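Student: I should like to learn how to read surface patches and buried charges in a model. Could the tutorial begin with the structure itself?

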Amino acid sequence: MELGKRDPITGRETTGHEWNGIEELDTPVPRVVLFFLTVTTLFAIGYWIAMPAWPLWSTYTKGILGIDQREIVAKQVAEARQGRAPWVDKIAAMDFAAIQADPDLMGRVQIAGRTLFEDNCAACHGVKASGGPGFPNLSAKSWLWGGEPDKIAETIRVGINSTNEDTRISQMTAFGRDGVLDATQISNVVAYVRSLSGLGSDDPAEAPAVAVGKEVFAANCVSCHDEDAKGKQDMGAPDLTDKYWIYGGSLDTVFTSVYSGRQGHMPHWGSRLSDVDIKILALYVDALRPPQ
Ligand code: HEC
Ligand code: HEC
């Protein structure tokens, strides 16, 4: 190791280390790097002093500027609430018919309702409220419990077969599993039910099954689905004559509905959404139309 040696090409001193003829230049850290290191360190120290920064045992350093993001958010929320207050208060105070007659309020309902629906309901009923197997299409106007806004609001508030003490309760009997009807009777009543919405086959050999099925229906199903099979809204029993199905209209699915019964569950929202939000949702759902 030779100290003070200069590299002949760059003219710089070397560190004196040498590995198999390769020597190391003693180049200092560039000034620009030192400059930025100093600036960023000073900035960090200044920031710690000015802003909330370091966690302490049960609190944190607050910073001399006293900026609190939590307070800022609370203030922004309060401002937003104040901005909404005029129309939210109107919706809270007015009855459904009066709100529906007010185009300006209904415009607000459309916007706020869509957000509320997407946040809380779309997971089950779909973004366009068109449902899916097991989840009813809310735009179809084929109601289990009634489609007037006050009825929809009640369904949203208490749920269906939910844990709310006022819940709407419904259950389709498991005719096959509970041994009320045998397989032939079920096949016949299924043929009849499907024929009601035009899903029967044209095969004349099917006709007797539909005729027998009609008798099975009259004896077992009308207490809930009514004589004309259009359903009873006080039982939550669906209209079996329209083209909308909750679970599906295929032979297998209708057979399963009758054989094993059905009991859908809709959560209750009374404890999670405010009365005004439920009102907005009821008006929003009522105003939905099936996609063309
Ligand atoms: C966890 C899934 C789920 C969520 C979330 C949900 N629903 Fe439902 N909803 C259902 C099911 C299932 C039914 C049908 C119950 C049945 O078959 O008896 C239903 C039924 C309904 C009905 C009754 C329809 C009729 O024909 O009378 C309305 C109205 C309704 N939901 C609105 C809403 C709204 C509004 C929201 C959001 C606040 C919502 N639902 C969130 C599952 C859900
Ligand atoms: C105790 C009342 C009750 C009786 C009796 C009853 N149903 Fe139902 N039924 C319901 C209810 C309530 C539903 C809706 C269940 C749900 O949405 O979870 C339903 C649903 C159905 C469905 C599914 C409809 C769909 O949209 O997917 C079919 C099919 C059906 N019933 C056929 C029958 C037939 C056939 C009989 C007679 C053999 C019958 N029901 C007797 C209450 C009843």
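Student: Where does Phe43 lie?

Tutor: Phe43 lies in helix α1; helices (H or I, at least four residues) are DSSP runs, numbered from the N terminus. This is a predicted model, in which local features need pLDDT of at least 70, side-chain atom pairs count only at pLDDT 80 or more, and totals for chains, interfaces and linings use all residues. Residues are numbered from 1 along each chain as its sequence is written, and side-chain values use heavy atoms, with hydrogens and water left out.

Student: Is Phe43 buried or exposed?

Tutor: Buried means under 20% relative accessible area, exposed over 50%, and partly exposed in between (1.4 Å probe, protein chains only). Phe43 is exposed because its relative accessible area is 55%.

Student: Which element gives the most to the nonpolar patch?

Tutor: Helix α1 (residues 31-50) does, with 6 residues. The patch, which includes Phe43, Trp48 and Ile72, has about 1,200 Å² of accessible area together. Patch members have over 30% relative accessible area and no salt bridge (a side-chain nitrogen of Lys or Arg within 4 Å of a carboxyl oxygen of Asp or Glu); nonpolar side chains (Val, Leu, Ile, Met, Phe, Trp, Tyr) are joined within 5 Å.

Student: What is the nearest side chain of opposite charge to Asp7?

Tutor: Lys5, 7.6 Å away; Asp7 is buried yet has no salt bridge. Beyond its neighbours within four places in sequence, Asp7 is in contact (heavy atoms within 4.5 Å) with Arg12, Thr14 and Leu25.

Student: How is Phe255 classed by accessibility?

Tutor: Phe255, in helix α10 (residues 251-260), counts as partly exposed because its relative accessibility is 26%.

How values were computed
Chains lettered and ligands numbered in written order. Patch = residues over 30% accessible without salt bridge, like charges linked within 9 Å, V, L, I, M, F, W, Y side chains within 5 Å. Areas by Shrake-Rupley, 256 points an atom, 1.4 Å probe, with all protein chains shown as cover. Helix = DSSP H or I, 4+ residues; strand = E, 2+ residues; numbered from the N terminus. Lys, Arg positive; Asp, Glu negative; His and termini not counted.
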